[in-house]
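Biologist: Please show the model. I should like to go through the reasoning behind its aromatic contacts.

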Amino acid sequence: MLNNCAAIIQQYMENLDKYSIEQLRYKSEENVWSIGQMYIHVIEVAKEYIGHIETCTKATREEPEDKTTDGLKAFAEKEWPNIRVKLDQPPNETRNPETKDEIIAGLEQVLVMLANWTSRIEEANPACKVLHGWFGWLNARDWFEMVGMHSRHHLRQKEILDEKLAEAGIR
């Protein structure tokens with residue numbers, strides 16, 4: 001499981017090499033993320049999900065509820081649904097990065113956090129869960145897997161943002 005999540009985060013790091021900070025901060029429209037904002041979002045959500053792993057491992061109360069229908073489907077397919085998710089907060093609330101180093105540091109921190117939890121999630125009680133607003137009740141193992149699923153989901157978005165960047169001719 002770590003190899004899958006780590007490989008996706010590593011792919012983000014490798015992709016970062018081809019961008020200047022100007023490219024990372026470019027917004028094709030006011031209500032669309034820049035590539036840098038997307039990176040910041042991926043990092044922040046990964047850290048949030050890893051926090052849920054910790055919550056699940058420390059929990060003592062078992063949750064009888066399970067995943068939603070969408071959650072069961074997503075986990076069976078090991079993939080976030082290919083639909084555009086509208087967040088409660090507008091795209092402008094996700095900050096644009098100041099430097100590439102800040103993004104690299106965030107991605108490296110996520111890799112360290114994932115490595116830290118790899119062996120420990122197996123010890124977690126699978127009945128101790130945290131609610132995801134769309135996918136239902138998820139345990140520590142599910143949340144770990146969600147880091148990879150969510151990050152892969154945004155690789156599709158990155159392709160669209162790359163097209164917008166190419167159209168703008170920003171080098």
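Modeller: This is a predicted model. Let us begin with burial.

Biologist: Why is Phe-75 called buried?

Modeller: Buried requires a relative accessible area under 20%. Phe-75 has 7% relative accessibility, so Phe-75 counts as buried.

Biologist: What makes Phe-135 count as buried?

Modeller: Its relative accessibility is 0%, against a cut-off of under 20%, and therefore Phe-135 is buried. Trp-80, with a relative accessible area of 6%, is buried by that cut-off too.

Biologist: How many aromatic pairs are there?

Modeller: The count comes to six aromatic pairs. One of them is formed by Phe-75 and Phe-135, edge-to-face.

Biologist: Why is the pair of Phe-75 and Phe-135 called edge-to-face?

Modeller: The ring centres are 6.4 Å apart, and a pair requires centres within 6.5 Å. The planes stand at 80°; over 60 degrees counts as edge-to-face, so the term applies. Phe-75 is in helix H4 and Phe-135 in the loop between strands E1 and E2, 60 residues apart.

Biologist: What makes Trp-80 and Trp-134 an edge-to-face pair?

Modeller: Their centres are 5.8 Å apart and their planes are at 75°; the limits are within 6.5 Å and over 60 degrees, so both conditions are met. Trp-80 lies in the loop between H4 and H5, and Trp-134 in the loop between E1 and E2, so this pair ties together parts 54 residues apart in sequence.

Biologist: Which residues do ring pairs link into a cluster?

Modeller: Phe-75, Trp-80, Trp-134 and Phe-135 are linked in this way.

Biologist: Which residue lies over the face of Phe-75?

Modeller: Lys-67 does, at 5.0 Å from the ring centre. Likewise, Arg-120 lies over the face of Trp-117, at 3.9 Å from the ring centre.

Methods. Residues numbered from 1 in each chain as written. Predicted model: local features only at pLDDT ≥ 70, side-chain atom pairs only at ≥ 80, totals over all residues. Heavy atoms only, no water. Phe/Tyr/Trp six-rings, centres within 6.5 Å; stacked < 30°, edge-to-face > 60°. Helix = DSSP H or I, 4+ residues; strand = E, 2+ residues; numbered from the N terminus. Buried < 20%, exposed > 50% of the residue type's maximum accessible area, 1.4 Å probe, protein only. Lys NZ or Arg CZ within 6 Å of the ring centre and 35° of its normal.
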